[in-house]
Amino acid sequence: MEIPVPPPEKLIFVHRQSNGVAYVIINRPKSLNSLTRAMMGDLAKAIKSLDSDDSVRVIILSGSGRAFCSGVDLTAAEDVFKGDVKDVETDPVAQMERCKKPIIGAINGFAVTAGFEIALACDLLVASKEAKFMDTHARFGIFPSWGLSQKLSRIIGPSRAREVSLTAMAVTAEQAERWGLVNHVVEGSELLKKARQIAEAIIKNNEDLVLRYKAVINDGFKQDLGHALELEKKRAYEYYAGMTKEQFKKMQEFIAGRSSKKTPSKL
């Protein structure tokens, strides 16, 4: 299923498909999808709306043209940076972090500064071979406030993160994949197809457990290992305590059915 071409007036374009996949496209290609204050608010509202939509199981976030998002539109920098940065209702990264559903970032080109931070707010990333990640906060005298200074080092390590952020060097898609920042690198023509394949694989699984699993991974990642393991045990106990005998029976029947279909192991 192809998604329609976003109309020019829709700077944040949302498209829901009947299979449970929803697309959000940042659609300002002539400005490399740089974000105005209004676009930031619209993106936040789109994510919040999709999170509360029971027909949506997975969200795919991408950009139009040759950029994913080149950051904040610096022609309106004062309006953006001196605004109410604590207003979570108009903060797209805050809404992405609150979103219960998996978000797949399809990085089709430049992901720069704020665009890099939006990419880091996704649960997993697929990148085209043309994609590049850049942190230009230090170059332009902008202080990060959407998590780049903390998240990147936790993903690729502090030494690499310092080099990326203090030099404003570009990280290619292949390099990002080697560092564990990107899950897959594909040809540009295959980008949304690959993202859709991952989304469809997620949708085949137990919906409730997918939401719980995403939450325990993301919440545990914010803690040290000891407390994260305690969190997993606590939530597992709560999950099983809430299951009925009928649900346990269905689980056993499902596992038995899967086992009977398997061919004998050759090992």
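Which element gives the largest share of the lining of the largest cavity? In this predicted model, that share comes from α10, which supplies three residues. The briefing below takes the enclosed space and then the nonpolar cores, where the largest core has 48 residues and another, lying apart from it, has 18.

**Enclosed space**

- The count comes to one cavity of 30 Å³ or more, and the space in the largest cavity is about 30 Å³.
- The largest cavity is lined by R57, V58, I202, I203, E207, V210 and L211, and the elements that give two or more residues to this lining are α9, spanning 191-203, and α10, spanning 207-221.
- Sorted by class, the lining of the largest cavity consists of five nonpolar and two charged residues, with no polar residue.

**The largest nonpolar core**

- Within the largest nonpolar core, of 48 residues, those with the most contacts inside it are L61, I107, I118, F133, L152 and L181.
- Helix α1, residues 37-51, gives the most to this core, contributing six residues.
- F133, one of the residues with the most contacts inside the core, touches I107, A111, F116, A119, L125, M169, A170, V171, A176, L181 and V182, when residues up to four places away in sequence are not counted.

**The other core**

- Apart from the largest core lies another one of 18 residues, which includes F13, I60, A199 and V210.
- V210 belongs to this core of 18 residues and also appears among the residues that line the largest cavity.

Definitions and conventions
Residues numbered from 1 in each chain as written. Predicted model: local features only at pLDDT ≥ 70, side-chain atom pairs only at ≥ 80, totals over all residues. Heavy atoms only, no water. 1 Å grid on protein atoms, 1.4 Å probe; cavity = no way out; pocket = protein on both sides within 12 Å on 5 of 7 lines; lining within 4 Å. Points joined across faces, edges and corners; volume = space filled by probe spheres on them. Helix = DSSP H or I, 4+ residues; strand = E, 2+ residues; numbered from the N terminus. Nonpolar A, V, L, I, M, F, W, Y, C, P; charged D, E, K, R; others polar. Core = buried A, V, L, I, M, F, W, Y, C linked by side-chain atoms within 4.5 Å. Buried < 20%, exposed > 50% of the residue type's maximum accessible area, 1.4 Å probe, protein only. Contact = heavy atoms within 4.5 Å.
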